[in-house]
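Grab a pencil and work through these exercises one at a time. Try each task yourself before you read the solution.

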Amino acid sequence: MSSPVTHITVIGTGVIGNGWITRFLVNGYKVTAYDPAPGAEEKTREAVRSAWDYAGKLGLKEGASENNLTFEEDLGKALAHADFVQENVPEREELKRNVIASIDEHAPKHAVISSSTSGILPSVLQADCTHHPERVMVGHPFNPVYLMPLVELVGGNKTADSFVEGAREFYDGLGMKPLIVHQEIEGHIADRLMEAVWREALHIVNDGVATTEEVDASIVYGPGLRWALMGPFMTLHMGGGKAGMRHLLHQFGPALKLPWTKLEAPELTDELAEKVITGCEAQTGDVDMQKMEERRDDFLVELQQLLEKYWPGANLTTGDSKEAMQGGDKT
């Protein structure tokens, strides 16, 4: 990828696709969207309007405008001038492979093809590409995309490093935190970690140990507060006192042999599903989802502003000021 990105095409405009569109627009790009679903354009424009003020709190680039979005009914025309393509069709392998093969057929050869897939391997996604599979990769974001900074970049067995690096620079320019995953693995990194917590949470609810609200509270007011700043490894490193992880592994390492967790998910019976559904509905009460999303977005904006003050922590030896820490690794 050597050409600068000036025009972006988004394929698929669900929740994730619309989040990408908002993020691209606030960064001043022109975006062409393609989605054959009835009413897709109206839903997208409403989603962009709803998210615009929140996304803008993290900064509007020169030329940023909702008017830079156009919809195209023909896939070939939608891709004709693309420098970067973000694919977001439903998480079905056959569908994604077919769509990405069509994108590869129509997109200019310099354009990156980045899939938002949460778990499918990039080598699988590029398997049917007969033109330029070297530009196909995974660019997996997190919801809401217009606020969440992490994007996982994963290349397949045919992906060229130059395209991955170009994508990294592009996402970095969007104010994101691109993380290059150097080995293909189902679910990438973050989703695998979230899945492990989710499986254990299902066991706890299924066994009657706690409700969904109590499980959420245990994370929000416990490890979640520290994880937001340090992640699991640094949190445990600090739990070892002055000797850090060396002491912690010596003292608590044997506990890994104890049957504390059940990483294999429990059977999702009707009874367990009802516990989870009714528990979540009880937590939200009469508050509609839009209000929940507004509260989430307010929180994420303020949390990121606070996080930028204290992270990255790679340069702690130089002092604890924001200025001293700004030279850290952006991934």
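**Exercise 1.** Leaving aside its neighbours within four places in sequence, which residues is Arg-135 in contact with?

*Solution.* Before we start: this is a predicted model, where local features need pLDDT of at least 70, side-chain atom pairs count only at pLDDT 80 or more, and totals for chains, interfaces and linings use all residues. Residues are numbered from 1 along each chain as its sequence is written, and side-chain values use heavy atoms, with hydrogens and water left out.

Step 1: find Arg-135 in the loop between helix 5 (122-125) and strand 6 (136-140). Helices (H or I, at least four residues) and strands (E, at least two) are DSSP runs, numbered from the N terminus.

Step 2: look for contacts, meaning heavy atoms within 4.5 Å. With those sequence neighbours set aside, you should get Asp-104, Ala-107, Pro-108, Lys-109, Ala-111, Val-112, Ile-113 and Phe-163.

**Exercise 2.** Work out whether Arg-135 is buried or exposed, and find backbone oxygens that its side chain reaches.

*Solution.* Step 1: the cut-offs are under 20% relative accessible area for buried and over 50% for exposed, with partly exposed in between (1.4 Å probe, protein chains only). Arg-135 has 0% relative accessibility, so it counts as buried.

Step 2: follow the side chain of Arg-135 to the backbone oxygen of Ala-111, at 2.8 Å. Then check the backbone oxygen of His-132, which lies 3.0 Å from a polar atom of that side chain.

**Exercise 3.** Describe how the rings of Trp-20, Phe-24 and Phe-170 pair up.

*Solution.* Step 1: get the rule straight. Rings of Phe, Tyr and Trp (its six-membered ring) pair if their centres lie within 6.5 Å; planes under 30 degrees apart count as stacked, over 60 as edge-to-face and the rest as tilted. The structure holds seven aromatic pairs.

Step 2: take Trp-20 and Phe-24. Their ring centres are 5.3 Å apart and their planes sit at 15°, so this pair is stacked. Both residues lie in helix 1 (residues 15-26), four residues apart, or about one turn of the helix. Both Trp-20 and Phe-24 are buried.

Step 3: move on to Phe-24 and Phe-170. Here the centres are 6.0 Å apart and the planes at 40°, so the pair is tilted. Phe-24 is in helix 1 and Phe-170 in helix 6 (residues 161-173), so this pair ties together parts that are 146 residues apart in sequence.

Step 4: zoom out. Ring pairs link Trp-20, Phe-24, Tyr-29, Phe-84, Phe-170 and Tyr-171 into a cluster.

Methods. Polar contact = N/O pair within 3.5 Å; in protein donor to acceptor, adjacent residues only side chain to side chain.
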